[in-house]
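Morning, everyone. I have one structure to go through today, and I will keep it brief. Please have a look at it before I start.

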Amino acid sequence: MTHDAGVTIHASGIRAGGNFWVEDGPFGVDISQANIERGSIVAAGMTLPITNLVARKLWISDQKVSAEDWVAHYEKALLRGKGTVFIDDDRYDVTASIDAPTNTYPQGLAPLPMVPPAFTAAIKMSGSLTEPQILADIDLRSTNFNGLIINNGKMVTQINQHMIQVASAKLSVGKNGQISASGAVDIDKGSFSFVSREKNIYV
């Protein structure tokens, strides 16, 4: 399915039960539970492959797609959430949680200047269908950022297809080091700019 806003959804292995109505133009599908073995969402330059999706109390119409509860896998990451995609109003209203292993990152975006670490996060997705905005409260596990070993940390970020803005970050680094930082990663340019305070950092 392709929408004028530039969102394309593919799905296969679909099992569902519910009610539907159709007329000349509008339509509606009320599904008690849907199981989708495999699919993908292509939007805003990102390709998001989804497997083993289970959605409950799902409503699909020409105006919106909503679910009271859903669980799925994005690559090896576990996703849980609820919310609505308002097609006519061109906006998202989705909340979710994610438990992701190392190197989980949307396909189609320019690479980051680090290996994306394993993480858990609480996510709020808003914005237009073509320019989604993701607010995330993230717990990070270990990674390497330009040679700096990050053991773990917490971040509050806003993410879109062009920029990762870090409102706050507290990181445990090296042997006993601590870093508090804020700044941004420019995905398009492959550059970053941060202001930080360090404690017990030895080079």
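A residue counts as buried here if its relative accessible area is under 20%, with a 1.4 Å probe and protein chains only. On that basis, 35% of the chain's 203 residues are buried. This is a predicted model, I should say. The exposed area of the chain is about 11900 Å², and 55% of that comes from carbon and sulfur atoms.

On to secondary structure. There are 13 strands and zero helices. As for contacts with a separation of 6 or more, 37% of them are between residues 24 or more positions apart.

Now the interior. The largest nonpolar core has 37 residues. Which of them touch the most other members? They are Trp 70, Ile 98, Phe 119 and Ile 138. Take Phe 119 from that group: leaving aside neighbours within four places in sequence, its contacts include Ile 98 and Ile 138. Phe 119 also contacts Asp 99, Ala 100, Thr 104, Asp 139, Leu 140 and Arg 141.

Last, the rings. The count of aromatic pairs is one. Phe 192 and Phe 194 make up that pair, with 6.3 Å from centre to centre and 50° between the planes, so it is classed as tilted, being neither under 30 degrees nor over 60. Are these two rings buried or exposed? Phe 192 is at 37% relative accessibility, so it counts as partly exposed. Phe 194, at 34%, is partly exposed too.

Elsewhere, Arg 91 sits over the face of Phe 86, 4.0 Å from the ring centre.

That is what I have.

Technical notes: Residues are numbered from 1 along each chain as its sequence is written. This is a predicted model: local features need pLDDT of at least 70, side-chain atom pairs count only at pLDDT 80 or more; totals for chains, interfaces and linings use all residues. Side-chain values use heavy atoms; hydrogens and water are left out. A nonpolar core is a set of buried Ala, Val, Leu, Ile, Met, Phe, Trp, Tyr and Cys residues joined through side-chain atoms within 4.5 Å. Buried means under 20% relative accessible area, exposed over 50%, partly exposed in between (1.4 Å probe, protein chains only). Contact means heavy atoms within 4.5 Å. Helices (H or I, at least four residues) and strands (E, at least two) are DSSP runs, numbered from the N terminus. Accessible areas come from the Shrake-Rupley method with a 1.4 Å probe; for residues, only the protein chains shown count as cover. Rings of Phe, Tyr and Trp (its six-membered ring) pair if their centres lie within 6.5 Å; planes under 30 degrees apart count as stacked, over 60 as edge-to-face and the rest as tilted. A charge sits over a ring if NZ of Lys or CZ of Arg is within 6 Å of the ring centre and within 35 degrees of the ring normal.
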